[in-house]
There are 2 protein chains.
Amino acid sequence: MPSHYERLRNLIGTYSDIDRAGQVLDWDQQTYMPPGGAIERAEQVSTLNRLAHEHLVSDEMGEAIEAALHETANADRDTDEHRVVRHMSRFYTKRRRIPAEWIGEWTRITSLAQNAWEKARPASDFAAFLPHLEKIIDYRRQYSEFFAPYDHVYDPQLDYFEPGMKTAEVRAVFAELRPAQVELVQAIADRGRPVDDAPLHQAFDIQKQWDFGVDVVTQFGYDFTRGRQDRSAHPFTTFFGLGDVRITTRFLGDYIGSGLFSTMHESGHAMYGQGVSPSLARTENIHGASYAFHESQSRMWENLVGRSRPFWKAFYPKLQKTFFAQLGSVDLETFYRAINKVERSLIRVEADEATYNLHIMLRFELELDLMEKRLEARDLPEAWNRKVKDYLGLTPKNDREGVLQDIHWSAGYVGYFPTYSLGNLISVQLWEQIRKDLPDLERQIEGARFADLLAWLREKIHRHGAKYEPVELLRRITGQGLQAAPYLEYLRTKYGEIYGL
Amino acid sequence: MPSHYERLRNLIGTYSDIDRAGQVLDWDQQTYMPPGGAIERAEQVSTLNRLAHEHLVSDEMGEAIEAALHETANADRDTDEHRVVRHMSRFYTKRRRIPAEWIGEWTRITSLAQNAWEKARPASDFAAFLPHLEKIIDYRRQYSEFFAPYDHVYDPQLDYFEPGMKTAEVRAVFAELRPAQVELVQAIADRGRPVDDAPLHQAFDIQKQWDFGVDVVTQFGYDFTRGRQDRSAHPFTTFFGLGDVRITTRFLGDYIGSGLFSTMHESGHAMYGQGVSPSLARTENIHGASYAFHESQSRMWENLVGRSRPFWKAFYPKLQKTFFAQLGSVDLETFYRAINKVERSLIRVEADEATYNLHIMLRFELELDLMEKRLEARDLPEAWNRKVKDYLGLTPKNDREGVLQDIHWSAGYVGYFPTYSLGNLISVQLWEQIRKDLPDLERQIEGARFADLLAWLREKIHRHGAKYEPVELLRRITGQGLQAAPYLEYLRTKYGEIYGL
């Protein structure tokens with residue numbers, strides 16, 4: 001006689017199987033699918049999504065959760081049993097609040113909006129996108145109402161990506177972050193010692209970039225027997241299961257930074273996935289604690305490791321050898337400064353560490369204004385440009401390099417942007433703890449030894465998957481909630497040294 | 001208010017979506033999946049299969065079929081409506097006869113049997129595979145009983161792959177084929193003018209093989225905007241939809257025949273899929289009339305086109321240029337004879353056109369004996385070797401090159417083998433008709449012009465998908481049922497000329 005917990009695990013397993021199958025179809029679509037496959041693929045993905053949702057919110061699932069909650073009520077709070085059941089219960093409850101008809105309509109709206117955005121962006125035609133955006137904002141407000149009462153209308157948006165995170169909390173850390181980062185960036189500009197990143201902008205053979213990146217992430221600990229790398233227009237990581245976590249990368253022939261750092265970034269996501277405890281296979285807990293926690297891992301490997309001096313002490317000689325014509329006469333310090341160049345720019349995805357959060361904060365503030373109805377969608381371009389001026393001192397020439405630059409809103413993602421910055425903050429909070437626990441860390445990285453670092457991450461973070469909500473997990477590890485100060489301190493130290501502030 | 005037919009099409013569409021999604025997962029498994037993905041992938045595929053089956057045999061589907069049958073009772077027999085409904089009705093009725101518990105058990109049995117076979121074959125250890133084979137035969141007999149009463153216990157096996165085909169019919173054509181092919185092969189051996197295929201067995205760069213093959217099948221008319229080619233251990237074609245029909249190929253570095261002809265072979269399957277009428281998208285009718293009809297298309301492009309003298313008049317100069325060191329001094333006639341070398345051998349997949357059917361017929365006869373209980377599984381090796389001696393004059397050294405060589409029985413495929421030979425027969429019956437309708441065909445092929453041939457195939461065969469059952473389709477096109485004589489005539493003419501009989 002299987003226990004209620006086992007019965008629930010089977011039901012979750014079926015959900016996970018359908019959901020992951022959808023991910024395989026999506027991966028294929030972004031890597032290998034021929035153009036002719038698009039229409040039927042959309043039908044297939046839509047059918048799988050519908051089946052997964054129907055299965056998730058079924059009465060059978062609800063009853064199994066109830067029974068398993070009861071059965072595991074006295075289980076140790078740190079066991080899989082206790083956590084998996086409660087995680088699923090929250091997930092079920094949230095999804096069950098959303099009417100099936102709303103989801104059908106929402107899918108249609110975002111699909112049309114994405115098509116419209118894909119045309120509107122290159123044409124810099126905000127007016128063409130506006131009716132879609134208005135509909136999306138309207139539907140996001142409806143979405144929040146499914147979760148009323150709430151402390152803030154934005155909370156349900158945020159909660160979708162950061163379970164348990166509150167708008168007030170994000171506002172508080174951003175309020176501390178904003179003036180300090182604006183000031184730092186201004187100080188760098190005022191210092192008048194610009195960094196030259198010309199060495200990065202040369203012709204770099206793509207196969208050699210690929211091989212170098214593979215070598216780096218293999219040394220990090222990304223396991224290619226349980227993953228693989230392919231190319232796609234936009235780099236991403238995808239989880240078909242704990243034994244198959246794949247990354248994609250994009251390479252540019254005339255700029256080495258793009259492929260190099262996106263490979264490291266995605267490997268950070270992927271190692272998180274590969275490190276989840278096998279006991280959590282075929283559950284919704286394989287996804288990690290939250291989007292921000294995931295981002296903390298990708299940013300850690302990309303920035304705290306990959307843009308650090310110790311890392312390049314170990315790897316720069318090899319990079320120079322690989323690209324001798326381009327870098328043979330560029331010394332380590334010049335290269336290190338080039339990959340850490342700070343420049344106020346208009347495009348988020350090209351932003352450096354010092355300016356990145358400013359791009360996020362302005363989006364977060366606009367999302368709040370939209371959700372609170374203090375701003376109408378039609379007034380977004382003006383509001384956008386005003387904030388860009390305030391935070392970055394720049395003015396977009398057009399909406400293409402302004403309000404239309406990101407795909408997120410067209411895809412219906414409201415509440416997603418802040419997770420990027422929260423990921424940055426968490427990465428440094430964790431890093432502080434790691435440096436305490438591994439005093440030798442810097443020397444290890446200089447020696448291309450990442451085993452202790454990865455083991456620490458596995459033990460403290462990865463293996464738990466989504467057993468803990470993000471703030472709870474952060475507290476378990478660091479004893480602290482979300483904080484701005486460590487990240488600010490990190491930026492000031494790193495860029496103070498580079499720019500001689 | 002949607003019609004009953006539209007309602008049914010939606011239900012079929014959902015089935016097709018799930019089923020095709022499973023195919024994407026299978027394709028990925030055979031091409032790109034890292035080893036670590038195997039366990040979770042098996043769960044995902046199993047879940048999709050279960051969902052597809054449940055959806056297929058649901059009461060809702062049954063009711064929709066009933067209503068649509070009634071609604072389309074007076075529709076023209078050649079319309080999609082009429083055919084799609086009736087095709088689905090037959091498919092539904094067949095699958096509904098199989099108990100769900102039986103399917104669950106069957107899946108388990110074949111999964112274990114395949115694992116056992118994968119170990120038993122290299123070890124030539126029939127005893128280790130025997131218990132699995134016994135179970136499979138037992139279950140195949142049970143399967144037939146779900147379809148009792150039948151004319152012959154083998155009919156339900158055959159019908160799974162060749163809808164409407166009867167054992168008696170296959171027996172009759174094979175009875176005509178067998179002595180004539182044995183005699184032909186003996187005459188070739190007795191003639192004492194062996195063909196030298198050493199030119200094919202040299203070192204051939206795999207990228208160049210790939211490029212040459214892609215060029216050939218592109219000229220055939222395989223549309224890479226609605227398909228792609230990848231590598232896999234065993235070449236196959238897969239249908240994700242009418243807009244995404246993919247092939248895989250395997251290349252050997254020391255033998256050019258393998259990659260060359262398997263690419264042409266798979267493109268034949270794939271062009272069939274790409275040619276199905278878009279009005280049949282998301283139905284079960286996209287699969288073509290039957291396995292044999294599909295094989296008729298792959299064999300036609302591989303053999304009737306690809307191993308013909310006119311084809312190589314067009315393509316040999318390019319092949320020589322591509323592999324000048326290997327083939328520069330090999331003239332067209334020598335090459336043509338080499339790719340058509342007849343040799344009695346033990347392994348089916350390496351057999352030439354003249355001996356291939358003999359391999360199939362012996363398997364068909366053994367399957368009949370097993371199903372009729374005139375042969376027990378434990379006596380298979382002896383029975384196998386006796387037939388190999390009779391038909392091919394050879395004796396396997398061990399079961400690895402004998403009864404254990406094929407994957408089919410371990411996968412539970414009984415009734416599949418005959419479709420290979422039926423495909424050969426149909427390919428030549430069609431070819432006779434094509435030569436009447438396109439008197440200029442040979443000259444067109446000499447000029448690398450395949451558009452008329454492909455247009456003929458599309459018009460007469462491809463666009464119909466599975467609207468007609470195989471024998472009905474063959475009759476519509478040729479006015480005849482299945483026949484052995486045209487294929488025998490083809491073999492005698494071709495090999496009579498090559499071997500000077």
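**Exercise 1. Is G415(A) buried or exposed, and how many other C-beta atoms lie within 10 Å?**

*Solution.* The model is a predicted one: local features need pLDDT of at least 70, side-chain atom pairs count only at pLDDT 80 or more, and totals for chains, interfaces and linings use all residues. Residues are numbered from 1 along each chain as its sequence is written, while chains are lettered from A and ligands numbered from 1 in the order in which they are written.

Step 1. Apply the criterion: a residue is buried if 20 or more other C-beta atoms lie within 10 Å of its own, exposed if 12 or fewer, and partly exposed in between, with C-beta atoms placed from the backbone. G415(A) has 26 other C-beta atoms within 10 Å and is therefore buried.

Step 2. Locate the residue. G415(A) belongs to the loop between α16 (380–392) and α17 (417–437) of chain A; helices (H or I, at least four residues) and strands (E, at least two) are DSSP runs, numbered from the N terminus.

Step 3. List the contacts, where two residues are in contact if their C-beta atoms, placed from the backbone, lie within 7 Å. Not counting residues up to four places away in sequence, G415(A) touches Y154(A), Q157(A), L158(A), Y160(A) and F161(A).

**Exercise 2. Classify S124(B) and state which residues S124(B) touches.**

*Solution.* Step 1. S124(B) is found in the loop between α5 (100–123) and α6 (126–145) of chain B.

Step 2. There are 16 C-beta neighbours inside 10 Å, so S124(B) counts as partly exposed.

Step 3. Leaving out residues up to four places away in sequence, S124(B) touches N398(B), D399(B), R400(B) and L404(B).

**Exercise 3. Describe the pairing and the burial of strand β3 of chain B.**

*Solution.* Step 1. Identify the partners, given that two strands pair if DSSP finds at least two bridges between them. Strand β1 (residues 229–231) of chain B pairs with β3(B) in the parallel sense over three bridges, and R231(B) stands opposite T249(B). Strand β2 (residues 237–241) of chain B runs antiparallel to β3(B), with four bridges joining them; here D244(B) is the bridge partner of G241(B).

Step 2. Trace the connection. β2(B) is joined to β3(B) by a hairpin through two residues.

Step 3. Examine the faces. D244(B), R246(B) and T248(B) lie on one side of β3(B) and V245(B), I247(B) and T249(B) on the other, and all are buried. Six of the six residues of β3(B) (residues 244–249) are buried, so the strand is largely enclosed by the rest of the structure.

**Exercise 4. Characterise helix α11 of chain B by span, bend and burial.**

*Solution.* Step 1. α11(B) (residues 291–305) has 15 residues and reaches 20 Å from its first C-alpha to its last, close to the 21 Å expected at 1.5 Å a residue. The expected span is 1.5 Å times one less than the number of residues.

Step 2. α11(B) bends by about 40 degrees at R299(B), the bend being the angle between axes fitted to the seven residues ending there and the seven starting there.

Step 3. Since 15 of the 15 residues of α11(B) are buried, the helix is largely enclosed by the rest of the structure.

**Exercise 5. Compare R282(B) and K373(B) in backbone angle and burial.**

*Solution.* Step 1. R282(B) has a phi near 60 degrees, a positive value in a residue other than glycine. K373(B), which is not a glycine either, has a positive phi of about 60 degrees.

Step 2. R282(B) lies in the loop between α10 (256–274) and α11 of chain B, and K373(B) in the loop between α15 (353–371) and α16 (380–392) of chain B.

Step 3. R282(B) is buried, with 22 other C-beta atoms within 10 Å, whereas K373(B) is exposed, with 10.

**Exercise 6. Establish how chains A and B are related and how they meet.**

*Solution.* Step 1. A turn of 180 degrees and a shift of 0.0 Å along the axis lay chain B on chain A with an RMSD of 0.0 Å. The two copies are thus related as by a two-fold rotation axis. Superposition is by least squares on the C-alpha atoms of residues with pLDDT of at least 70 in both.

Step 2. 33 residues of chain B are in contact with 33 residues of chain A. The largest share of the side of chain B that touches chain A, nine residues, comes from α1(B).

Step 3. 100% of the interface residues of chain B are also interface residues in chain A, so the copies meet through the same surface.
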